[in-house]
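Student: Got a minute to walk me through this fold? I'd like the layout before I look at single residues.

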Amino acid sequence: MYFYQKRLIKTLTEEEFRAGYRKAQLIDLRDQEDFKNGHILGARNIPFAQLKMRSKEIRKDQAVYLYDQMGVRPGQAARILRKQGVTELYQLKGGFKLWSGKVKKGL
């Protein structure tokens, strides 16, 4: 499963993630409470549990940058989004826990 997910989603270092996420759709997969407590500036909250229902909100013609708390769920999310036709998928290595950039608190 690990190697399958590696083909679906490219893992980026924080520097690589920062270089591209502003030109892409930035999706925070954590639950709403975690999102309110702090998220990457410009991120949209679509909790992983709601991803199948809300996947139509994600454009297929744009890159999608995903992150969660520790870098576990983006691989699972990539499988769902790939089935929906999204091809350009990236994840933040180590998740939000290791993010040192700007953070926005509250909605």
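Tutor: We'll take the overall fold, then the sheet, then one residue. Keep in mind that this is a predicted model.

Student: How many helices and strands are in the protein chain?

Tutor: Five helices and seven strands.

Student: In what order do the elements run from the N terminus?

Tutor: The chain goes α-β-α-β-α-β-β-α-β-α-β-β. It starts with a helix and ends on two strands.

Student: Which strands form the sheet, and in what order?

Tutor: The order is β1-β6-β5-β2-β4. Those five strands make an open sheet with parallel pairing. Its edges are β1, residues 10-12, and β4, residues 44-45. Each edge strand has pairing on one side only.

Student: What packs on that sheet?

Tutor: Helix α5, residues 73-83, does. It touches β5 (64-67) and β6 (89-92). The direction of α5 makes about 145 degrees with that of β5.

Student: Back to β4. How many bridges link it to β2?

Tutor: Two, in the parallel sense. Strand β2 covers residues 25-28. At its end, D28 stands opposite N45 in β4.

Student: Tell me about N45, then. Buried or exposed?

Tutor: Buried. Its relative accessible area is 11%, and the cut-off for buried is under 20%, so N45 qualifies.

Student: What does the side chain of N45 reach?

Tutor: The backbone oxygen of R30, at 2.9 Å.

Student: Which residues does N45 touch, leaving out those up to four places away in sequence?

Tutor: D28, R30, D31, Q32, F35 and R54. So R30 shows up both in the contact list and as the partner of the N45 side chain.

Student: Switching to the whole chain. Why does 12 Å agree with a compact globule?

Tutor: Because a compact globule of 107 residues would have a radius of gyration near 13 Å, and this chain has 12 Å. The C-alpha atoms fill a box of roughly 30 × 30 × 25 Å along the principal axes.

Student: And what share of the residues count as buried?

Tutor: 45% of the 107. N45 is buried too.

Student: What about the surface: how much is accessible?

Tutor: About 6400 Å² for the chain. Carbon and sulfur atoms hold 51% of that.

Student: Last one. What percentage of contacts with a separation of 6 or more join residues 24 or more positions apart?

Tutor: 68%.

Technical notes: Residues are numbered from 1 along each chain as its sequence is written. This is a predicted model: local features need pLDDT of at least 70, side-chain atom pairs count only at pLDDT 80 or more; totals for chains, interfaces and linings use all residues. Side-chain values use heavy atoms; hydrogens and water are left out. Two strands pair if DSSP finds at least two bridges between them. Helices (H or I, at least four residues) and strands (E, at least two) are DSSP runs, numbered from the N terminus. Contact means heavy atoms within 4.5 Å. Axes are lines fitted to C-alpha atoms, for helices over the stretch in contact, and angles run from 0 to 180 degrees between N-to-C directions. The radius of gyration is taken over C-alpha atoms; the globule rule is 2.2 Å times the number of residues to the power 0.38. Buried means under 20% relative accessible area, exposed over 50%, partly exposed in between (1.4 Å probe, protein chains only). Accessible areas come from the Shrake-Rupley method with a 1.4 Å probe; for residues, only the protein chains shown count as cover. A polar contact is a pair of N or O atoms within 3.5 Å; within protein, one must be able to donate a hydrogen and the other to accept it, and residues adjacent in sequence count only if both atoms are side-chain atoms.
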